[in-house]
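Got the viewer open? Let's walk through this one stop by stop, starting with the whole chain and then zooming in.

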Amino acid sequence: MADTVGTIGKSWLIGLASSLREEHDYAPEVDGVLPRGLKGTLFRNGPGCFEFGGVRKRHLLDGDGMIQAFDFTDKGLRYRNRYVRTRKFLAEQAARRFVMPTWTTRAPGGVIRNVGNKIRSQAGVTTLVKNGCLYAFDEVGLPYGLDPDTLETLGERQVGPPQLRIDYKAHTKTDGRNGDWLLLGVEHGPRTWLNVVQRSADGELVSHQRVAAPRPSYIHDWFFTERYVVVLLHPVELSLPRFLSGLASFTDSLQWRPDKGNVLVVLDRAGASEPVLFSADPSFMWHSLNAFDLGDSIVADFVGYDEPDHFLGEKAAFRAIMCGLQGLQQHKGKLRRYVINLPRKRIIQEVLSEENHEFPMVDAAVSGHRHRYGYFTTAAESTVFHNGLARVDMENGSREQVLLDDVHLGEPVFVRDQEAGPEQGWLLSLGLDGRTGNSFLGIFRTDSIGDGPIARVLLRHPTPLSFHGYWHGR
Ligand SMILES: [Fe+2]
């Protein structure tokens, strides 16, 4: 079982924690044949730079946001990567070193320099296109807007009511049928406030609800259905005094408190009724798969860990890799389902698969509605560095997967094949090949994942771990 005793088992995985400072623009080679129907751009976002001026981030999940774009056009294929020019990025380029605190790493200079600990946006978690704007989200502050054609940074963009400067979660939700765009903003302080913002498909601000959370928690992702928003407060507590004193970074001020269990806050999207709270067994969630209304109930599927040992603590795998160590990663990301019956005020949690999963994905067309298939990264072992992809049929429980040797595979972005049926198409997964040391974009057919990639777009260099992507069809 993995621990921190040895160096990381597969040394080439350290490529995930290596910076990509250069900004590229080239036509990559392809191994295999690209599907004819695959036309559009895959945008990805994630940390691109982990060290600067002798300072290295303490955690793999921390670095300046770097957008990658894979253009699939009739004229051919193009790859670009470009940093989001946040205020932090520009100031540190001028200073030629990291000078500002980020969510896992304090500013150089000790406690005095970190009192108040105002962590800065790196705009490096998610990306998506809305009404002609390419957004880059962090979990602090407002998102940044970029030109989707040139990748030029245009500046911060307000996504909520004017003048409301809060921390918007990187994960936003788009209704697969009507295009409603939902955002969740969180205010940390003596009380934690949840802000749900709803915009119509054409960008109009439709509503804003602000409700007090029953307790503080670190939230990364959440659920929505046609009628409800569900916020899962897992028992990750933030010690605000420790954080604000400058003694510890944000992540070093977090503590897993399983004795407190999970609390779910169910909000009526129309605001017609008061929030309803439910209690459940503790499990840590990075990502929801999807949720939908089913009669009087809400069905909410997600990947949950019994403990976030890979994320929190001195020996966490995401931290150890920065020093070339294996770290703790003993708990699997199991596929779980909440069934929440509102009139009976009852919640059931089921484990749908004990296998190891992360980066859940559905066809965007069924987001917020009943889905049949869930797509994931996977691994046979208890590791957060996955080497496979899986498809789970939520109706009959069958599961198909592929595991590749000496390869890391990232989030599988779903692209619908217009000539195939609903929820059928391709998965685009950015991988790192241990044999060449370079990254590639693997393209898999959803109905034959087990056959491996039908094509691989071959990059000329490694890319750091990229969190999330968005397919912008043409
Ligand atoms: Fe995420």
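Select everything and start with the contacts: among those with a separation of 6 or more, 56% join residues 24 or more positions apart. A contact here is a pair of C-beta atoms, placed from the backbone, within 7 Å. Before you click further, note that this is a predicted model, where local features need pLDDT of at least 70, side-chain atom pairs count only at pLDDT 80 or more, and totals for chains, interfaces and linings use all residues. Residues are numbered from 1 along each chain as its sequence is written.

Now switch to cartoon. You should find four helices and 35 strands; these are DSSP runs numbered from the N terminus, with helices being H or I of at least four residues and strands E of at least two. The radius of gyration is 21 Å, close to the 23 Å that the globule rule gives for 474 residues, so the chain is as compact as a globular protein of that length. That radius is taken over C-alpha atoms, and the rule is 2.2 Å times the number of residues to the power 0.38. Along the principal axes, the C-alpha atoms fill a box of roughly 60 × 55 × 50 Å.

Try colouring by burial: 48% of the 474 residues count as buried. The cut-offs go by other C-beta atoms within 10 Å of a residue's own: 20 or more is buried, 12 or fewer is exposed, and in between is partly exposed.

**Helix 1**

Select residues 87-95. K88, F89 and E92 are the buried ones, and they sit on the same side of helix 1 because they cover an arc of only 95° around the axis (using directions from the helix axis to the C-beta atoms). That side packs against strand 4 (51-52), strand 6 (64-73) and strand 7 (76-83). Flip to the face turned away, and you meet the exposed L90, A91 and A94. Just after the helix comes R96, with a positive phi near 60°.

**P235**

Next, click P235, in the loop between strand 18 (228-233) and strand 19 (236-238). Buried or exposed? It's partly exposed, because 19 other C-beta atoms lie within 10 Å. Its contacts beyond four places in sequence include W256, R257 and P282. K260 is 25 residues away in sequence, yet 5.9 Å away C-alpha to C-alpha.

**Strand 31**

Finish at residues 407-416, where nine of the 10 residues in strand 31 are buried. Strand 31 pairs antiparallel with strand 32 (residues 425-433) over eight bridges; pairing takes at least two DSSP bridges. Pick R416 and look across to G425 in strand 32, which stands opposite.

Conventions: Two residues are in contact if their C-beta atoms, placed from the backbone, lie within 7 Å.
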